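Trainee: I have a new model on my screen and want to learn how to read it. Can we go through it feature by feature?

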Amino acid sequence: MAFGLYKPGQGYWMRVLTASVVGAIVLATAMWVASEAKRVAVNLPVSAYTMQISGVTGAPSPGSSVTFLGAVSSEGQAPVIGTASITSYDPDSGTLVVSEPSMTSKTAGVGEIQSLRVDGVAGAPPVLRAAVSTKPIGQASIEPLYLQGVSASVVLIVGAILTYWFCAVRPSSVDFLIATDMEMKKVNWSTRKDIIASTYVVIGAAFLIATLIFTVDVALKEFFQAIGVLKT
């Protein structure tokens, strides 16, 4: 027994062909699982949001609690619609990343955020005020590409192990493949000349049958038109 192979050298081509077909099925399954994993990752809870802010007054610091404000009402007030924690801020690009978002408004979502502020101590002016220039972009708790890669890799690894076990190690399945290979060798395969001749016969017979059916159809049409069953 070499490398764990059961009856090595026997039923080679049947083993190879079977492993190839199973491998193609495993590969297709891995691709399907990867596409489904992407859909799952997109629907996972959002752990952070990235947004572009402008008109910044103040300097936000990581870890500060930020308050999301909605559109200004007719009374000139901007309602509070949620809170989050500042993760990072790039003053050069105006990119703000917040984590642990919590929307307190039941009617307004993240897309309704118009501005934000970071409150100071009681009675003091806000540490930060800024307008949100673009719609916040959510970051899933798990990167979709990582989830796709891991899920597809698991399918490929498990599929490879099962294929090897079925085609090379498991005695009952290997004996079946070996017996099948032996029976295939007993088949009297047609020669190239025989196949070409048979193909010509099939093509010729198809044309003859088509011609016969066409002739009968035309003859019946003329007959029924002659006796007045069909109008000319």
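Trainee: What share of the contacts in the protein, counting a separation of 6 or more, joins residues 24 or more positions apart?

Mentor: Remember first that this model is predicted. Contacts can link positions far along the chain. Here, residues 24 or more positions apart account for 64% of the contacts with a separation of 6 or more.

Trainee: Where can I look at one such pair?

Mentor: Try T134 and M51. They are 83 residues apart along the chain, yet their C-alpha atoms are separated by 6.2 Å. T134 sits in the loop between β6 (128-132) and β7 (137-140). Setting aside neighbours within four places in sequence, T134 contacts M51 and Q52. The T134 side chain also reaches the backbone nitrogen of Q52, at 3.4 Å.

Trainee: Is T134 buried or exposed?

Mentor: Use the relative accessibility. Under 20% is buried and over 50% is exposed; partly exposed lies in between. T134 has 36%, so T134 counts as partly exposed. Across the protein, buried residues make up 25% of the 232 residues.

Trainee: Which elements does the protein have, and in what order?

Mentor: Read from the N terminus on. The order is α-β-β-β-β-β-β-β-α-α-α. That gives four helices and seven strands. The radius of gyration is 36 Å, well over the 17 Å from the globule rule for 232 residues, so the protein is more spread out than a compact globule. Along its principal axes, the C-alpha trace spans about 100 × 80 × 30 Å.

Trainee: How many salt bridges does the structure hold?

Mentor: Look for oppositely charged side chains that meet. The structure holds five salt bridges. One of them joins D175 and K7, at 3.0 Å from N to O. D175 lies in helix α3 (residues 171-185) and K7 in the segment before α1 (12-42), so this pair ties together parts 168 residues apart in sequence.

Trainee: What about a pair within one helix?

Mentor: Take K185 and D181. Their closest N and O atoms are 3.5 Å apart. The two are four residues apart in helix α3, so about one helical turn separates them. K185 is exposed at 65% relative accessibility, whereas D181 is buried at 8%.

Trainee: Which residues form a nonpolar patch on the surface?

Mentor: Nonpolar side chains can face outward too. Here L212, V216, L220, F223, F224, I227, V229 and L230 form the patch, with about 730 Å² of accessible area together. F224, one of them, is in helix α4 (residues 192-226). F224 is partly exposed, with a relative accessible area of 32%.

Methods
Residues are numbered from 1 along each chain as its sequence is written. This is a predicted model: local features need pLDDT of at least 70, side-chain atom pairs count only at pLDDT 80 or more; totals for chains, interfaces and linings use all residues. Side-chain values use heavy atoms; hydrogens and water are left out. Buried means under 20% relative accessible area, exposed over 50%, partly exposed in between (1.4 Å probe, protein chains only). Contact means heavy atoms within 4.5 Å. A polar contact is a pair of N or O atoms within 3.5 Å; within protein, one must be able to donate a hydrogen and the other to accept it, and residues adjacent in sequence count only if both atoms are side-chain atoms. Patches are made of residues with over 30% relative accessible area and no salt bridge: like charges are joined within 9 Å, nonpolar side chains (Val, Leu, Ile, Met, Phe, Trp, Tyr) within 5 Å. Accessible areas come from the Shrake-Rupley method with a 1.4 Å probe; for residues, only the protein chains shown count as cover. A salt bridge is a side-chain nitrogen of Lys or Arg within 4 Å of a carboxyl oxygen of Asp or Glu. The radius of gyration is taken over C-alpha atoms; the globule rule is 2.2 Å times the number of residues to the power 0.38.
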